[in-house]
Amino acid sequence: MINEQSQSHAAAAAKNRAEDPEMNVEPLPASAVEILTHALRRRILSGDFRPGEFLRDVKMCEELSTSRHTFRTAAQVLVTQGLLRQIPNRGFVVPEFGPDDIVDITRVRGAVEGEAIRLIVLTGVIPSQALEAVDVMHRSTLSSDRSLLVAADRDFHRAIIAASGSARLKRTYSDLEGEIELLLAQRQDFYATAEEMAEEHERLINSLRSRHYDTAREAFQEHWVDLQIKLLDQR
């Protein structure tokens, strides 16, 4: 009797899996390109490569024990993310941001984030991911892995955009996010301490909690302008 019931349950489970493809899906192993893309991204954001430095195919393939095809495919992914640029007949280079780039990136970021702020103030919902990012900043130091703090800053502002509920805002911001991360990684010295970074982002959270758009807008505007000035001063 037990065997019959077990067989019946097994048959039912098999039928359900056949009818619901999602039940059959198993996590796919990361490909060599995905692994290499992640490794290169981390190294770029950690400052292992200087602004303007070329990632030469032969050297990188030897250093990373990978094929030229795998390296170039991973590098192309990073180009789409704004973390590398491809120069015809010269290869891939880490972007070096000039004053015009800094002004343009921070200006566009402010325009997109400003609309997200308006929507967040209307709902009154503070994204938990933004609060978690501030906690990471509190627990970190500037002497720790630079990419950790850059990721925390990224997660904070990504959460602000996501909390707007606008798919188009998220899509627009994602196109800019890689350049923002790289810019902050290359110019992170404008924060005296990681705690200063945390406190500044806490002020942004408090401005959103006010449920007053002008208050929140003014706080974020000050953040954007201050960032732009500090970045330009380091040129």
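This briefing covers a small set of features in one model, namely a sheet and a helix that packs against part of it. The model is predicted, and local features need pLDDT of at least 70 while side-chain atom pairs count only at pLDDT 80 or more, with totals for chains, interfaces and linings using all residues. Residues are numbered from 1 along each chain as its sequence is written, and side-chain values use heavy atoms, with hydrogens and water left out.

**The sheet**

- Three strands (DSSP runs of E, at least two residues, numbered from the N terminus) form an open sheet in the order S1-S3-S2, with antiparallel pairing, where pairing requires that DSSP finds at least two bridges between two strands.
- Strand S1 (54–55) and strand S2 (85–87) stand at the edges with a single partner strand each, so one side of each lacks a neighbour in the sheet.
- S1 and strand S3 (residues 91–93) run antiparallel and are joined by two bridges, with Phe54 standing opposite Val93 in S3.

**Helix H4**

- Helices are DSSP runs of H or I with at least four residues; the 13 residues of H4 (residues 68–80) should span 18 Å at 1.5 Å a residue, which agrees with the 19 Å between its end C-alpha atoms, the expected span being 1.5 Å times one less than the number of residues.
- Thr70, Phe71, Ala74, Ala75 and Leu78 of H4 are buried, meaning under 20% relative accessible area, with exposed over 50% and partly exposed in between (1.4 Å probe, protein chains only).
- These buried residues cover an arc of only 130 degrees around the axis, which puts them on the same side of H4, the arc being that of the directions from the helix axis to the C-beta atoms.
- On the other side of H4, Arg68, His69 and Thr80 are exposed.
- The buried residues of H4 pack against helix H2 (32–45), S1, helix H3 (57–64) and S3, contact meaning heavy atoms within 4.5 Å.
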